[in-house]
Amino acid sequence: MSEVKQLCYLGFGVSDLDAWRDVGTRLLGLVEGRELAGGGFTLRHDEYANRFFVTPDPSDDLLFVGLEVADADAVAALGERLAAHGVDSTPLDDATIAARQVEGGISFQEPGGVRFEAVYGPAKAGAFSSPVCTGGFKTGDLGLGHFVLRADDMDTTLDFLLNGLGFRLSDRIICDIGGYHVNIAFTHCNPRHHSIAVGGNLPKHIHHFMLEANEIDDVGKCWDRIVDAGLPVWNAIGRHPNDRMISFYAETPSGFQFEYGWGGLEILNDDEWNTFVYDRISDWGHEHPAAMCKKLFRRQKESS
Ligand SMILES: [Fe+2]
């Protein structure tokens with residue numbers, strides 16, 4: 001199994017810090033952590049001091065990914081595993097260690113060029129409480145949530161995750177939706193069904209990140225806030241067949257999406273886990289609002 005214990009943090013480069021502050025806190029229920037020296041801020045969603053680094057950058061994309069390992073020995077072991085896989089890693093410099101508020105770690109690149117960091121000793125900031133997502137978020141040993149990384153070459157990126165990082169394959173979804181070919185592989189490093197998924201044909205390095213609420217009411221309440229705020233919704237509430245998550249998808253101020261969900265499946269025993277290839281992305285729902293409205297209005301028109 002991987003030395004990686006969990007997805008620890010994500011770093012975004014954003015062009016509109018104020019919009020991110022508003023969406024992150026008022027709509028998503030995250031809580032501001034601290035202002036960053038080079039501009040930007042961090043957001044929390046549990047006791048960890050830094051789960052999201054939101055920094056000024058015109059890319060509006062994923063800049064770096066933090067993976068937590070147990071200690072310095074685990075960092076060294078992961079470095080050796082990566083080296084055996086042909087991936088060079090470098091110790092984090094003092095400035096990065098201070099900026100991330102970790103005790104130490106290494107950095108390396110995934111095949112698509114995104115900076116990955118494996119760190120130990122991330123700072124904690126005490127009990128978490130959100131005035132918006134009152135039931136809190138499901139994290140703990142499961143980590144931040146998950147995100148979908150762009151794979152320019154699926155085999156290469158999946159090989160990096162499985163053999164470079166030691167993640168395990170959860171399952172895959174391969175299907176066509178309205179002429180668009182979907183090919184996603186889901187990987188895990190702890191019982192969370194997936195911490196990192198990889199998909200092709202994506203304009204940015206990240207398709208979406210997922211926040212898992214402890215209570216389904218908080219998903220519904222977030223849905224109301226998103227709709228009221230007029231944030232672009234990509235998929236209304238639905239349920240995935242593989243991780244069983246009930247969720248919806250909307251757009252961040254940077255154009256990539258977030259998923260807000262509840263009820264994700266956990267893989268508790270890898271030895272008994274069967275890896276399926278699913279031929280659909282959702283068991284129900286997850287329809288684009290425009291398509292949904294078109295159907296509703298047509299039916300209402302027909303019945304009037
Ligand atoms: Fe997701």
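Two strands are taken to pair if DSSP finds at least two bridges between them, and with that in mind the open sheet of this predicted model can be read as 10 strands in the order β17-β10-β11-β12-β9-β13-β16-β15-β14-β18, with mixed pairing. Strands β17 (277-278) and β18 (284-285) stand at the edges of the sheet, and because each has a single partner strand, one side of each is left without a neighbour in the sheet. As a general point, strands of a sheet pair through backbone hydrogen bonds, either parallel or antiparallel.

**Pairs within the sheet**

Several of these pairings can be followed residue by residue. The table sets out three antiparallel pairs, each with a pair of residues that face one another across the two strands.

| Strand pair | Sense | Bridges | Residue pair |
|---|---|---|---|
| β11 and β12 (196-199) | antiparallel | four | Ala 185 and Val 198 |
| β14 and β15 (246-251) | antiparallel | four | Asn 235 and Tyr 249 |
| β14 and β18 | antiparallel | two | Gly 238 and Gly 285 |

Strand β14 therefore appears twice in the table, since two strands pair if at least two bridges are found between them, and β14 has four bridges to β15 and two to β18. The link between β14 and β15 is a hairpin with six residues between the strands, and in its turn Arg 244 has a positive phi of about 65°.

**The iron site**

The protein donors of the iron ion are the NE2 atoms of His 146 and His 208 together with an OE atom of Glu 259, and they lie 2.0 to 2.1 Å from the ion. Along the chain these donors follow the spacing H-x61-H-x50-E. The two histidines link distant parts of the chain, with His 146 in strand β9 and His 208 in strand β13, 62 residues apart. Are these two histidines buried or exposed? Both His 146 and His 208 are buried.

**A cavity and a pocket**

The count of cavities of 30 Å³ or more comes to one, and about 60 Å³ of space lies in the largest cavity. His 146, already met as a donor of the iron ion, is among the residues that line this cavity, along with others including Leu 142, Arg 192, His 193, His 194, Glu 212 and Asp 243. By class, the lining of the largest cavity has four nonpolar, four polar and four charged residues.

The largest pocket holds about 970 Å³ of space. Its lining is made up of 40 residues, and Tyr 180, Val 182, His 207, Asn 235 and Ile 281 are those that lie nearest its centre. The elements that give two or more residues to this lining are β9 (146-150), β10 (168-177), β11, β13 (206-212), β14 (233-239) and β16 (257-262). Which element gives the largest share of the lining of the largest pocket? That share, six residues, comes from β11. By class, the lining of the largest pocket has 16 nonpolar, 18 polar and six charged residues.

**Three buried residues**

Val 182, one of the residues nearest the centre of the largest pocket, lies in strand β11 (residues 180-188). Val 182 has 7% relative accessibility, and because buried means under 20%, this residue counts as buried. Apart from residues up to four places away in sequence, Val 182 touches Ile 173, Ile 174, Cys 175, Ile 177 and Ile 281. Cys 133 stands 49 residues from Val 182 along the chain, and the C-alpha atoms of the two are separated by 31 Å.

Ser 170 is found in strand β10, and at 0% relative accessibility Ser 170 counts as buried. Beyond its neighbours within four places in sequence, Ser 170 is in contact with a set of residues that includes Phe 186, Thr 187 and His 188, as well as Trp 273, Asn 274, Thr 275 and Phe 276. His 193 and His 194 are also among the contacts of Ser 170, and both of these histidines line the largest cavity.

Arg 100 lies in helix α3 (residues 94-100), and with a relative accessible area of 12% Arg 100 is buried. Leaving out its neighbours within four places in sequence, Arg 100 is in contact with Tyr 9, Arg 34, Asn 50, Phe 53, Phe 64, Arg 115 and Glu 117.

Notes
Residues numbered from 1 in each chain as written. Predicted model: local features only at pLDDT ≥ 70, side-chain atom pairs only at ≥ 80, totals over all residues. Heavy atoms only, no water. 1 Å grid on protein atoms, 1.4 Å probe; cavity = no way out; pocket = protein on both sides within 12 Å on 5 of 7 lines; lining within 4 Å. Points joined across faces, edges and corners; volume = space filled by probe spheres on them. Nonpolar A, V, L, I, M, F, W, Y, C, P; charged D, E, K, R; others polar. Buried < 20%, exposed > 50% of the residue type's maximum accessible area, 1.4 Å probe, protein only. Contact = heavy atoms within 4.5 Å. Donors = N, O, S within 2.8 Å, 3.2 Å for Na, K, Ca; no water.
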